[in-house]
Amino acid sequence: MSSAGKAEQLRSLVRLFSDAAEVAISEWESQEKSPASDAGHTVPSFALHNACRTILGVSGMCADLCQEPGIRLTEIACYNFLARALHIAVQSGIPDILAEAEPQTGMSSHEISRRTGIHEQKLTRVLRTLCTFHIFLEVRDHHFANSRTSQVLVGDEYLRCWILLHGIELFTASDELLPLLLNPVKGHSTSNRETAWQEAIGSDQTVWEYLEQKVEQPDGTLVPRPSLAVWAHGMVAGGRADASCLDADYPWESLGNSTVVDVGGGAGGTSLDLSRKFPNLSFVVEDRPSTIQQAEYVWAHEYPQAIQMGRVKLVPHNFFSRQPIRGAEVYFMRYILSVSFFTSRQHLDLTLASASSHDWPDDECVTILSHLCDAMSPTSKLLIVDKVLNTSVGSDQLKPAPFPLPANYGVAQAFGNLHDLAMMACHNGMERTPEMLETVAQRAGLKITKIWESRSTMSITEMVRERA
C-alpha cells in the first residue's frame with residue numbers, strides 16, 4: 001500500500017473510531033444514570049455493542065497499519081506465553097489474593113510470592129507481562145493490584161475453571177497441530193480419534209473418554225481425573241459469559257410453560273440461568289453419565305429448588321443414540337453444533353438445541369441432528385447456540401461491519417476463529433459459517449429459519465423440520 005493509501009485508510013479509521021467512541025460514551029453515560037444498571041450483568045444496548053466491536057475492529061486495523069510487519073508478526077508468535085502467563089496467575093489464585101489488598105497501594109510481589117510459592121522474580125515477570133496487557137495493574141514498583149479485567153475472577157470458581165479449561169490438555173494439543181496437519185494421512189482425516197489431542201496425550205481416546213477415565217492414586221485407589229471437574233465447572237462459566245445477552249436477544253417469555261430439552265447440556269449452566277429468569281419453563285438436561293453426576297452437584301448447590309419442584313430433570317443420554325424425549329416443545333443445544341435460537345408463537349412446540357456442532361465433524365453432526373429431527377414434532381423447533389462464523393468477506397445472512405472494516409469486524413471477532421482452531425485440534429470439529437450450517441442441516445432433514453445475532457460471542461440458529 002502506498003503512503004497516500006495508508007494515510008487515507010488511517011483517516012477513515014480515525015473517523016469511524018471517533019463516531020463509535022461518541023456512541024459508546026453516550027451509552028455509558030446513560031447507563032451511569034440508570035438505577036437498573038448492574039455492573040457485570042448489564043446487557044449492552046445494540047448501539048453500544050456495535051460501537052464497541054467497531055472500536056475493537058478499528059484498533060486491530062490500526063495496529064496492522066501502523067506497526068512494522070516483522071515486529072507485529074514476532075509479537076503474535078509469542079502470544080502463547082501471554083496465555084501461559086494468564087494460566088499461571090489463575091491457577092495460583094492471584095486475583096483472589098490481590099482482592100485482599102488496597103487498590104491504590106496493591107500487594108508486594110514478595111507477599112504474593114510467599115502466598116503462592118512461586119519465585120518472586122519469576123512471578124514479577126509473569127505479572128508484568130499481564131500488566132502490559134491490562135490484565136493486572138502495577139500500581140507502584142513491585143506492587144500489584146487487580147484491574148477491571150482481573151477483578152471479575154475474584155471469588156468466581158466457575159470463571160476460573162473456564163480460563164483453565166483452555167490451558168490444560170487443550171493448550172498442549174495446540175503444540176501438536178502443525179505436525180498433525182503435515183501428516184499425509186492423519187492431516188486429512190476427519191475422525192475425532194485422529195487429532196492433535198490424541199498426539200498430545202499419546203492415546204486414541206477422545207476428549208470425553210479421557211476426562212471420564214479415573215486416575216490411580218499412590219495408594220492404589222482410583223479417583224476421577226481432576227480436569228473433569230475443571231471442564232464441568234468451566235462450561236457453566238462459558239454459558240454464563242453469554243447468558244445475559246442470549247436471554248435478552250430471544251423472546252423466551254413467548255414459550256409459555258414449554259419444556260426445553262438441553263441436549264448435551266453439560267452441567268446445565270445455560271438451563272440453570274434460564275430457569276431462574278423464566279420460571280414458567282421446565283428443563284431436561286441430557287449428557288453423559290459422569291457429566292450428569294457433576295450436574296447433580298452443581299444444581300444441588302446453585303438451585304436445589306428446581307430439582308425439588310421437578311422443573312429440571314437430569315437425564316443420562318448420549319446424543320449419538322435415539323433421542324428419548326419425543327415431540328418436545330424445544331430442543332436446545334449449546335457448544336455442540338452451532339447456536340440455534342427459535343422464533344416462537346404461543347402454543348408452538350419448540351426444540352431448543354444447544355448441541356455444539358463445533359465439537360464434531362460434519363458426519364457426526366448430521367447424526368446428532370438426524371436423531372433430533374426424528375424426535376421432533378411438526379411444530380418443534382431446534383435452537384442451536386454456538387458461534388456462527390462470519391468471514392472477512394461476509395455472508396448474506398449476517399450483517400456486515402461498516403467500511404473500511406472487514407465484514408466480520410476483524411479482531412473484534414477473533415475468538416470465533418481461535419476457537420475454531422481449538423475445535424480442529426481437539427475434536428476435528430469446527431465453528432461454521434451460515435452456509436456450512438445450512439449444508440449440515442439439510443443433510444439431517446432440517447432447515448434454518450433464522451440466525452439471531454446476539455450481543456455476545458454466540459448466535460442463535462433456529463431450525464425446523466424440512467418436511468413438517
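**Fold and local geometry of the predicted model**

His142 has a relative accessible area of 31% and is therefore partly exposed, since this class covers values between the 20% limit for buried and the 50% limit for exposed residues. The residue belongs to the predicted model described here, in which His142 occupies the loop that joins β2 (136–140) to β3 (143–146). Its backbone is marked by a positive phi of about 65°, although His142 is not a glycine.

The surrounding region carries an annotation. The unreviewed UniProt entry places the feature "domain: O-methyltransferase dimerisation" at residues 83–154. Within residues 83–154 of the model, helix accounts for 49% of the chain and strand for 15%. The C-alpha atoms at the two ends of this segment are 19 Å apart.

With regard to overall architecture, the protein contains 19 helices and 12 strands. The C-alpha trace spans about 65 × 65 × 60 Å along the principal axes. The radius of gyration is 23 Å, which agrees with the value near 23 Å expected for a compact globule because the chain has 468 residues. Buried residues make up 48% of the 468 residues. Among contacts with a separation of 6 or more, 67% are between residues 24 or more positions apart.

The surface and the charges were also examined. The protein exposes about 22300 Å², of which 55% is supplied by carbon and sulfur atoms. There are 39 positive and 55 negative side chains. The centres of these two sets lie 2 Å apart.

Two backbone features fall in the loop between β10 (381–386) and α18 (414–427), where Pro404 is placed. The peptide bond that leads from Phe403 to Pro404 is cis, and its omega is near 5°. Tyr409 is found in the loop between β10 and α18 as well. Phi of Tyr409 is near 70°, a positive value in a residue other than glycine. A relative accessibility of 5% means that Tyr409 counts as buried, because the limit for this class is under 20%.

Contacts between positions distant in sequence were considered for a residue of strand β6 (residues 259–263), in which Thr259 lies. Leaving aside residues up to four places away in sequence, Thr259 touches Ser282, Val284, Glu329 and Val330. Thr259 and Val330 are 71 residues apart along the chain, yet a separation of 6.3 Å is found between their C-alpha atoms. Thr259 has a relative accessibility of 27% and so counts as partly exposed.

A further residue, Glu462, lies in strand β12 (residues 459–465). Glu462 counts as buried because its relative accessibility is 0%. The C-alpha atom of Glu462 is separated by 9.8 Å from that of Phe332, and the two residues are 130 positions apart along the chain.

Terms used
Residues numbered from 1 in each chain as written. Predicted model: local features only at pLDDT ≥ 70, side-chain atom pairs only at ≥ 80, totals over all residues. Heavy atoms only, no water. Helix = DSSP H or I, 4+ residues; strand = E, 2+ residues; numbered from the N terminus. Rg over C-alpha atoms; globule rule 2.2 N^0.38 Å. Buried < 20%, exposed > 50% of the residue type's maximum accessible area, 1.4 Å probe, protein only. Contact = heavy atoms within 4.5 Å. Areas by Shrake-Rupley, 256 points an atom, 1.4 Å probe, with all protein chains shown as cover. Lys, Arg positive; Asp, Glu negative; His and termini not counted. Charge placed at Lys NZ, Arg CZ, Asp CG, Glu CD. UniProt positions renumbered as here; feature names shortened; annotations may be inferred.
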